[in-house]
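Student: I keep hearing about cavities and their linings. Could you walk me through an example?
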Amino acid sequence: MMRHRLCGVSAILAATLPQPAAAQQAAQGTTLERIVITSTKRSQDNFAVPSTVDVANADALRIRNIEKVADLDRIFPDVNIRTRSSRAYSNFTIRGQASLDFYNPSTQVYVDGLPQDSFNLARSLPGGVESVELLYGPQATLYGRGALGGVINITTRKPDNELRFGLDGGVTNRGVSGTAYANVPIIDGVLYGDATFTGLHEKNRYTTMMTNERVGGSDDINGQVRLRYAPDGSPLDVMVSAGRGRVTSTEEYFVMEPMLKDRIALPIPSKYTLDTWNFGINASYDLGNATVTALTGYQKSDFDRTVFGSYTPEKQWTLSQELRIASNPDQGNAIDYVAGLYYQHLDFVRNLPAMRQVARQKIDSYAAFADVTWHATDRLDITPGLRFDYERAAAQASGMINFGKDNSFTALSPKLGASYGLTDELRVYGLFSTGFKAGGFTRTVSSLNNAFTYDPQTTYNGEVGLKYRNATETLEAQLSTYYNVTKDYQMFVGVQPFQYLQNVGEVTAKGVDLKVRARPTDELGVTVGLGYNRSEFTEFRDPTGGKANFTGKTVPYAPALTANLMVDYRYQLGDGSALIPYAALNYVDRIYFDETNTVGQKGYALVDVGFKWELDKKVAAEAFVTNLFDKTYTTYGFNAGAPYGNVYQLGEGRTFGVRANLTF
């Protein structure tokens, strides 16, 4: 009986697009690109993984004009990414798991296997992106602390033996952007190098009251060089990278509620410069049946910031090291696995000169992990996993408040998943997974703090789902439902700008995700994404000593409904070129910016349209409009008290422009 019900669901999914057309076009060779993911730290067919995974390749990112990690929620369902005051503080919400601790977002971002520093998460995508993968739900078994909502894994094209150069540039009414790329074989078949330079200039979007000063713009510049040693036929592959970035911005100006339409900002100084440096080593050795990988990353950030008239500079550096071994999937093993060790050191300093206050933290994290897939039969896979984490945090404060403390925390993060192929086209899976955030000391030490420490936070997640891929590979769909409970939820409490991190109780999130990709004809492509979520405080304990009770309130930054739709049509011309018009819709339901649910943004929809011309595989041009109907919407806000009331930052208005891409 259960099998008939599941097959019925798959039939409903399949019926969302015309199957006869898909079958007819399959004979002409039109199929969707089969997705192989690496975010599970070994290569796997997305269809067989017992969890929800979504992937966007380089073409999908380019056609939606996605240049920053913060724009990814336009293509991934049940995702909301907004900068919280500035792009240095990224608010990721996936399946209701919001980043209410803005120093430690609930989603981890990796680039070519290396974890990204919290200050870098919402910045420009690196040059040469091949794909972006999103693992939904808690991923503590493989990724440890902070991967409560999920993991975004960005993969770039490695330096290789092909001499090539690329230029990608765009001009809009909001600014200009461009990427220059070069790949050079230094020693044929042995040593390769590449370099990427990316620049983004965003014009000012606000006018200040009284002074009429234009503010709200940003300049984001990044450069990276890489050197790769990978001799032909050798099992050794080593890549070294070094990068430098700088953002200068006045995006943190705020607008009072009556002045949103006119974008008139308060004349309160808000500006920052964010300097970043990163170095990485990615080395692997193929043993035949398995591959050993060593990953080393170093990142440093210098955040010189004045926000709402308050000068609060911050500095941070991190060093990470991972050593793992993973089976090679092409060996036909009965058991595939990945196991490894991980270490990270984080050093953070925050200054509050007006109060003569300095806060510093040093955090050391150690972990051992293993994840196994047992191919029990040709249809059944069973995937257990386990991770042990130990973390030690030491905090110091000097100035008006002086103290020195340290504490340590341990966590055991199990996982158990199973995936079963009901037919060759339909697969059902179930998953139990966990996530955690270590306890520690608040970084925003001030004279109004009542406490400085907080306890670990733990999430328990259950999920079941269906994955469908038709025989002609012209239609893919995945449907999942989930329920998770988070204990000792960590959230900043108190009044701005003197908030501090504490545990506030329990949060429950439950919902449904749907994603459909289809290529029913040679010309037509359709992608549909839908996420419905209810994330609320099911138990609230006011840590400030007051009597506030927000039980039943919606968790901030967690919209109940998100939806994405993308349609493109390819007109193939006789000279080999092609014209591709497209249209896209992105909907975000009502979202709150505070736990009282009094400051927020009602639901809104954004429409994007464009027209792309592909001369050949190396030359393309495009004209586009985003936010076609010039919808005014807010992305962040708080109650600033009298005389300002609620103040907000705004999303981008209508943007139109052109873009060109050349490879030679």
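Tutor: Sure, and let's settle the classes before we start: Asp, Glu, Lys and Arg count as charged, Ala, Val, Leu, Ile, Met, Phe, Trp, Tyr, Cys and Pro as nonpolar, and the others as polar. Keep in mind that this is a predicted model.

Student: What makes the spaces in here cavities?
Tutor: A cavity is a set of points where a 1.4 Å probe fits but cannot get out. The structure holds 13 cavities of 30 Å³ or more, and the largest has a volume of about 880 Å³.

Student: Why are Lys-68 and Glu-652 called lining residues of the largest cavity?
Tutor: Lining residues have an atom within 4 Å of a cavity point. Of the 43 residues that line the largest cavity, the closest to its centre include Lys-68 and Glu-652, so both belong to the lining.

Student: How is that lining divided by class?
Tutor: The lining of the largest cavity has 10 nonpolar, 18 polar and 15 charged residues.

Student: What about the second largest cavity?
Tutor: That one has a volume of about 570 Å³. Among the residues closest to its centre are Val-111, Pro-126 and Gln-224. Val and Pro are on the nonpolar list and Gln is not on either list, so Val-111 and Pro-126 count as nonpolar and Gln-224 as polar. The whole lining divides into 14 nonpolar, 16 polar and 4 charged residues.

Student: Which strand gives the largest share of that lining?
Tutor: Strand E19 does, with 6 residues. Strand E19 covers 271-286.

How values were computed
Residues numbered from 1 in each chain as written. Predicted model: local features only at pLDDT ≥ 70, side-chain atom pairs only at ≥ 80, totals over all residues. Heavy atoms only, no water. 1 Å grid on protein atoms, 1.4 Å probe; cavity = no way out; pocket = protein on both sides within 12 Å on 5 of 7 lines; lining within 4 Å. Points joined across faces, edges and corners; volume = space filled by probe spheres on them. Helix = DSSP H or I, 4+ residues; strand = E, 2+ residues; numbered from the N terminus.
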